Amino acid sequence: MIDAIDKAAGLDAEDALYGTRRFRPEFVEGAELCRLSVLHPENDQGLSTDWRLAVALRIATLNDDAALVAQYSTQLAEFTPDAALFDFARGATPPDEPLATLARHVDLVTLTPGKADAGTVARLDAAGWNNPQIVALSELIAFVNFQTKVASGLRLMRIS
């Protein structure tokens, strides 16, 4: 089965890298299960799927990952996002809290993760995000950044 990372890397079942990934099936399955759990969890902690997809699209855009931008754009479009959500997904900073703080947090952790510290998380709390939401957002941000790095690495291996 082709998973989201295969799609992002442009792999199909005939590709040697597709087979190479399957030498570690637990890694392939684990990454897919992680994707599902951060985008479509049983308990969404008040973070709807369309908002999760908007965060994912924002991260893919920040990473300049055209394949993942296309994937997350398509998935987000299925929810018919309003202009505010679409603007957030494309990188705008909303004028209101708590979304303005979330946008800054996503951008910081994605672009300069070494600058994130306890104060970064404290600002999310101060903006109104509760602890389960902060954990869920952290998992989502970590996964999508991981996904972009793996897909990018596979694309590089493919052309070398």
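A salt bridge is a side-chain nitrogen of Lys or Arg within 4 Å of a carboxyl oxygen of Asp or Glu. In this predicted model, the side chains of Asp 107 and Arg 58 meet that criterion, with an N to O distance of 2.7 Å. The pair links distant parts of the chain. Asp 107 belongs to helix H7, Arg 58 to helix H4, and 49 residues separate them. Asp 107 has 18% relative accessibility and therefore counts as buried, the cut-off being under 20%. Arg 58 is also buried, with a relative accessible area of 1%. Arg 58 has a further partner: it lies over the face of Phe 88, at 4.8 Å from the ring centre.

Nine salt bridges were found in a search of the whole structure. One of them joins the side chains of Asp 3 and Arg 21, at 2.9 Å from N to O. Asp 3 lies in the segment before helix H1 (4–9), whereas Arg 21 lies in helix H2 (residues 16–21), so the bridge ties together parts that are 18 residues apart in sequence. Both residues, Asp 3 and Arg 21, are buried.

Another salt bridge is formed by the side chains of Asp 6 and Arg 22, at 2.6 Å from N to O. Asp 6 sits in helix H1 and Arg 22 in the loop between H2 and H3, so this pair ties together parts that are 16 residues apart in sequence. The burial of the partners was then examined. Asp 6 is buried, at 0% relative accessibility. Arg 22 is partly exposed, at 23%. Salt bridges with shared partners join Asp 3, Asp 6, Arg 21 and Arg 22 into one network. Arg 22 also makes a ring contact: its charged end sits over the ring of Tyr 18, 3.7 Å from the ring centre.

Nonpolar packing was considered next. In soluble globular proteins, nonpolar side chains tend to be buried together. The largest nonpolar core here has 32 residues. Leu 39, Val 55, Tyr 72, Leu 76, Leu 102, Trp 129 and Val 144 touch the most other members. At least two core residues come from each of helices H3 (25–39), H4 (49–62), H5 (66–77), H6 (83–89), H7 (99–111), H8 (118–127) and H9 (131–159). H9 gives the most, with eight residues. Beyond its neighbours within four places in sequence, Leu 39 is in contact with Thr 49, Arg 52, Leu 53, Ala 56, Tyr 72 and Leu 140. A second, separate core has eight residues, including Ile 5, Leu 17, Tyr 18 and Leu 154. Tyr 18 of this second core is the residue whose ring lies beneath the charged end of Arg 22.

Aromatic pairing completes the picture. The structure holds three aromatic pairs. Phe 27 and Phe 146 have ring centres 6.1 Å apart and planes at 70 degrees, so their pair is edge-to-face. This pair also links distant parts of the chain, with Phe 27 in helix H3 and Phe 146 in helix H9, 119 residues apart. Phe 27 is partly exposed, at 35% relative accessibility. Phe 146 is likewise partly exposed, at 32%. Phe 143 and Phe 146 form a tilted pair, 6.0 Å centre to centre with 50 degrees between the planes. Both lie in helix H9, three residues apart, about one turn of the helix. Phe 143 is buried, with a relative accessible area of 3%. Ring pairs thus link Phe 27, Phe 143 and Phe 146 into a cluster.

Terms used: Residues are numbered from 1 along each chain as its sequence is written. This is a predicted model: local features need pLDDT of at least 70, side-chain atom pairs count only at pLDDT 80 or more; totals for chains, interfaces and linings use all residues. Side-chain values use heavy atoms; hydrogens and water are left out. A nonpolar core is a set of buried Ala, Val, Leu, Ile, Met, Phe, Trp, Tyr and Cys residues joined through side-chain atoms within 4.5 Å. Buried means under 20% relative accessible area, exposed over 50%, partly exposed in between (1.4 Å probe, protein chains only). Helices (H or I, at least four residues) and strands (E, at least two) are DSSP runs, numbered from the N terminus. Contact means heavy atoms within 4.5 Å. Rings of Phe, Tyr and Trp (its six-membered ring) pair if their centres lie within 6.5 Å; planes under 30 degrees apart count as stacked, over 60 as edge-to-face and the rest as tilted. A charge sits over a ring if NZ of Lys or CZ of Arg is within 6 Å of the ring centre and within 35 degrees of the ring normal.
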